[in-house]
Every structure is written in structure tokens, then in C-alpha cells.
2 protein chains.
Amino acid sequence: MIRVALDVMGGDKAPEEIKAGALMFAEELKKAKKNIHLILIGTESALSDLRNHRLSDYFTLEIVRDYLPMDIKPTEALRRKESSMYIGAQLLKEHKVDAFVSAGNTGALLAYATLVVGRLSGIDRPALAVPIPSLNGFTVLIDGGANAEVRPDYLVQFAAMGVEYARTLGKSSPKVGLLNVGTEENKGTDMHKLAYQMLREKLGPAFHGNVEGNDINLGTVDVVVTDGFTGNVALKTMEGVAKLISHTIKSEAKKGIDGLIGALLFSRVLKKLKQKLDPRTYGGTFFLGVDGIVVKAHGNSDRVAIKNALKVAVQGVEKDLIKNLEAQLERWK
Amino acid sequence: MIRVALDVMGGDKAPEEIKAGALMFAEELKKAKKNIHLILIGTESALSDLRNHRLSDYFTLEIVRDYLPMDIKPTEALRRKESSMYIGAQLLKEHKVDAFVSAGNTGALLAYATLVVGRLSGIDRPALAVPIPSLNGFTVLIDGGANAEVRPDYLVQFAAMGVEYARTLGKSSPKVGLLNVGTEENKGTDMHKLAYQMLREKLGPAFHGNVEGNDINLGTVDVVVTDGFTGNVALKTMEGVAKLISHTIKSEAKKGIDGLIGALLFSRVLKKLKQKLDPRTYGGTFFLGVDGIVVKAHGNSDRVAIKNALKVAVQGVEKDLIKNLEAQLERWK
């Protein structure tokens, strides 16, 4: 049986949307008769209405006394050892669950993942790995926001993890690109120039060289390596473009009967587009480099995003992501 | 009369597409009877077929002996004093032209703009200011790629220039946001934290605080301030999303008769969308902070982009951008 812990108290819309997402997921488990069990971590007042729920075969309640506010500082989070997020990390550490999902504060989750769950050997800093829709299926962006500042050797570790993750997702021999402001070797800061040399040395032909922002969605490479600051800005920028586009389509369509009928006939295409660009489709992203499956859901997650984040976590367990990563890191030593 | 110099030798598609763009622009001048004159800078072999051209009343040829390759290093560029780009900067410095447009190497153009044309008083580093389509009309992103690394005080200078540019483009009291990985005050690197304090002190209520990548297209603020590395990645990422979307729409529409008819009826909407997202619509962006109108066109510019870059340059001259900037910087001292 796969056991997945969910931090019911983390996220802008916690606890209601998080609970609703858990119930959506439980409903699917019931239909598919899957051998998966949820551990819902939250306060008594947040979880009491789930007692004797018709889906309660599919989850266990873990009552805690504390939870973290969304704007908590990581250093303070480390002292809150009775918080729902801490308890989740602790359950994972003790192998009482196989995966842990939270939509709470990213910095706090990173701190717990690193210091409570622990890092894999050979990894200095865990990173967020985000599969992005691209012309080539998808591109893994790593780091998506865990480490605002990096060293060149961290980027090499991100590359190793990104390659293994892309392999787990079905790419046979993933190519890696370094996100930069031009494709020439001498582009970017001194950090980037050094990272370029190290990546070339370590990856050999699997290193494509520098790539630019547009290459993420074009799918020029399978893995795009970057610091967490730039990665986060790129991800959020994609969200903004998608919103601008959906708004433009809606407002322009309303301006004439051709637009209205067109939109109707075009609905299948627009639905596909929305699905491709909706961050909720992915729901959650892995903190790679941790000795356990930790999935970060978007802080703004609604029930659909939470349900999908739980699916991502299950996928990680089913595909043995941690063991594969360890083997990959061993080979790279 | 407004005189605009164009570097015919700069750009991935130089000289043919650059010349074609100049001729498109000249054609429009002829139709609109505008008092604008082009100075086309290039080698004899690149420009000879424009002699005795039917539009030759609208341009003058400036023959040079040298031009810069696209991958030149800025330090080497400074030695190439007979190159088309250098001559363009020189003409601007000597007030023989009112504006200079090039699609050549960004670093070289920045070096010439800074060291040949010269900086405005109070500006350490010129920056690329890019108007981005947003739900609120447009958002000025500064720096769009001139300075890969910045100091907090550079960001304050970028803010001053961005505000004045937004004003020139029609915003009455522009709000400024600092691009970061979260909206809270303590987000980002030490550089960002310091920049936040300096911006708040200097801008007062005009400083909105931190913004995220999605805020660029959402139009949360009128000016988004960032380093040139992050700004360039954000801009290029937008391009990539737009391409993925246009590709998805095309390939999905082909999958059924509903999609095909829908696309037809929807063509007005799609055209509007394309126009909004096509980087060629802007064509060129100002290097702000230079004592003269210098417009950088995208390295990949085709004729349409070049024509639009020339329009951008003319707009800068007509709106007295440099004088307004100088007055703004004076007020900020």
C-alpha cells in the first residue's frame, strides 16, 4: 500500500480547499480501487467534520496542535515542531508514509525537507523540479524556486537530478541546457561561465550548452538548469502570459457574433490550450535531492491542484524516483 | 526634420532584411509625407543596390569599411572604430542624427552607447526598457537585458528611467514593482532586500513593493524593475509561451472540422492575440540612460521588426524622451 501524507493546513486556501482536494482524490481511489491511503494532517477544528465521512476508509486523520502561517520565515519554522508541516516531514523521515504533500510556505518546506527528512548523498541543496509543457512534450525546469542563490556545483547537481527525473517521466537520453541570456559560451555572469565549463565536463554530449528563456517552452532540451530565482520568475511569467492570453481571447470573442460562434466551435482547441497552460494540471512539483518524496503544491492551490499534487506524489512512489536518483548520483561520483 | 541612423550590418538577417525594413519604412514615409530621413550605414557591397532607388529621397547612404560579427565581445567591439555600429554611435554623439537603431550584438551596442554616445548625469548603467503587453495596457520592464549583474542603486536608477518612460507612453503616475520570488518584503537575495529598502525610500508611495513574474503581464504595476539577466529570461520566456500557444492552436484546429471553421470565425480574435504577443510589434527597445536615442532591435529581426524599431526611434525623438529623462533625474537628485 502507498501512504501519502497531506498538510491540510498549508496553502492560501487552507484548510477548506485542501480538504476538498483530498476528498476528490479519495473519490477517485474508491472508483479505481487503488491501494493508496491518505494521512490528513491538521488541527482538530480543521479536520473534525471528516470523522465518519463516507470516504473515511481512504484516509486517516493525524491531529496536530500547530500550523505555520504562509509568511513564516524558515528559521522560525524550524522551531515549530508540532506544526502540521513538521509532523508530515517527521512521518516521512520515519518511513510511516511514502510521500508528503504541502501547499504551505516554500522556504519552510525546503527547510524541513533538508533538515528533518534529510538530503541524498552528493546533494548540497534540494531543488524544485517542474515539468513544463513544450513543443517536445515537456521540459524539466530545475530549480523552480527553492534556492534563490546557487553555486556552479549546485547547478551540476541539479542537472543530475533533472536528468533522472526526465528519465522517470519517459525521456530516454535527456539533453541538458543551462539557462542563460544567449547561446554563446561566454554569456552571463562569472557563475554561469563557470557552470558552463563544469556541466560540459561532467555531462559530456548530454550537455547541449546555453539555452534562452524561449527554449523552455520550445523544448530545445529536456532539462533546463537554473538558479531558483530565475526559475521562479520564468514559471510565474508563463502563468502571467497564459492569463493575458485567456483574457484577450475572452474579451475579443465577445466583440462580435463571429467571435462567439468561433469560440463555440473552437471550444475543444481552447480547452486543450487551457489544459496545457493551467498550472493546476501539474498541481505539484518534487523537491528533488531529499531522501523521500516531498511534493510542493502551489501556494494558491485549489482542490483540483491538490488532487493533482497527490497524484504527482503517488507517481513518484510508483516510479521509485528516490532509488533511481540515488543510483544516478552514485554513477556521477 | 528627424534623422534616424540604421545599422544595416547588424542582426542575424543582416543586411538583406535590415535593408528591406528600411525600404518598408521609407515607403510609409512617402505615403504619410513625414519629415523624417534615414541614414543607412553599411558596406559598399551591402548598400550599392540602393543607389538610384525609387525611394532614395528618403534615405542617405553612409558607406563604412567594417562591421561587427554577431558574437563579438564588447571589449573587442570598442577597437572596431570603422564598424557600422561604431559610426552610428559616433553620428549620434555628434548630433548628426537624432536616433540610432541597430539589431547587432547587444553588448557591443551597450558599450558604444555608454562610451561613445555617453551616459546621462546620474546614471551608472544604461538599461533596456521594454514595454510589455499587459491587462493594464502595458508594463515597462527594465532592465530587459543590458546588465547581467546589478547593484541595488542601479535598480533605483532603472526605476527612475522606467517611470519617465512609462509617463512618455501615457501613464500619469506610474507605480513601480521590484521583480522578486514573492511579494513579502524579505524575499530574494540580499541584493533584492537592499534594493527594496532603497526603492521604498526613494519612490515613496510610487513603490508598490515586490512583484512576481506573473505581475508583468497582469499589469499589477506600470514599471517592473529587475537585473538584465532575469529581465532577459522573462522576455524570452514570454516568446516561448507565445510560440507554444500558437503551435497548439494550429495543430489542434487541424484535428477536426469544428476546429477549422472555428479558427476561421475566430480569425479576428487570433489575429489580435498574435499582434499582442508578437515581439515584432515592438520591434525595438530603448537603451535608457544614454545621452541620445539608441534603439536595440531584436537580433533575430526581420523587415517588419526593423520597420517597427525605426518607428520606436522616431517616437522617442518626437516625445523628447531624453530631455524628459534628464529633468526626471534632476528631480530625483
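**A tour from Ser102(A) to helix H5(B)**

Select Ser102(A) and Asp7(A): their side chains are joined by a polar contact of 2.8 Å (a pair of N or O atoms within 3.5 Å; within protein, one must be able to donate a hydrogen and the other to accept it, and residues adjacent in sequence count only if both atoms are side-chain atoms). This is a predicted model, in which local features need pLDDT of at least 70 and side-chain atom pairs count only at pLDDT 80 or more, while totals for chains, interfaces and linings use all residues. Residues are numbered from 1 along each chain as its sequence is written, chains are lettered from A in the order in which they are written, and side-chain values use heavy atoms, with hydrogens and water left out.

Stay on Ser102(A). The side chain of Ser102(A) also reaches the backbone nitrogen of Gly104(A), at 3.0 Å. Ser102(A) belongs to strand S4 (residues 99-102) of chain A; helices (H or I, at least four residues) and strands (E, at least two) are DSSP runs, numbered from the N terminus. Its relative accessibility is 0%, so Ser102(A) counts as buried (under 20% relative accessible area, with a 1.4 Å probe and protein chains only).

Next, show the neighbours. Leaving aside residues up to four places away in sequence, Ser102(A) touches Asp7(A), Met85(A), Leu109(A), Val295(A), Lys296(A) and Ala297(A), where contact means heavy atoms within 4.5 Å.

Zoom out to chain A. Chain A has 13 helices and eleven strands. Its radius of gyration, taken over C-alpha atoms, is 20 Å, close to the 20 Å that the globule rule gives for 333 residues, so chain A is as compact as a globular protein of that length. That rule is 2.2 Å times the number of residues to the power 0.38. The C-alpha trace spans about 60 × 60 × 35 Å along its principal axes. Of the 333 residues, 59% count as buried.

Now move to chain B and select residues 106-117, helix H5. How many of its twelve residues are buried? Nine are, and the helix is mostly covered. Among the buried residues are Leu109(B), Leu110(B), Tyr112(B) and Val116(B). To see what covers them, add helix H3 (74-77), helix H4 (84-93), strand S4 (99-102), strand S10 (284-288) and strand S11 (293-297) of chain B, which are included in that cover.

Finish at the two ends of H5(B). Asn105(B) caps the N-terminal end, with a side-chain oxygen 2.9 Å from the backbone nitrogen of Gly107(B). After the helix comes Gly118(B), with a positive phi near 100°.

Notes: Buried < 20%, exposed > 50% of the residue type's maximum accessible area, 1.4 Å probe, protein only.
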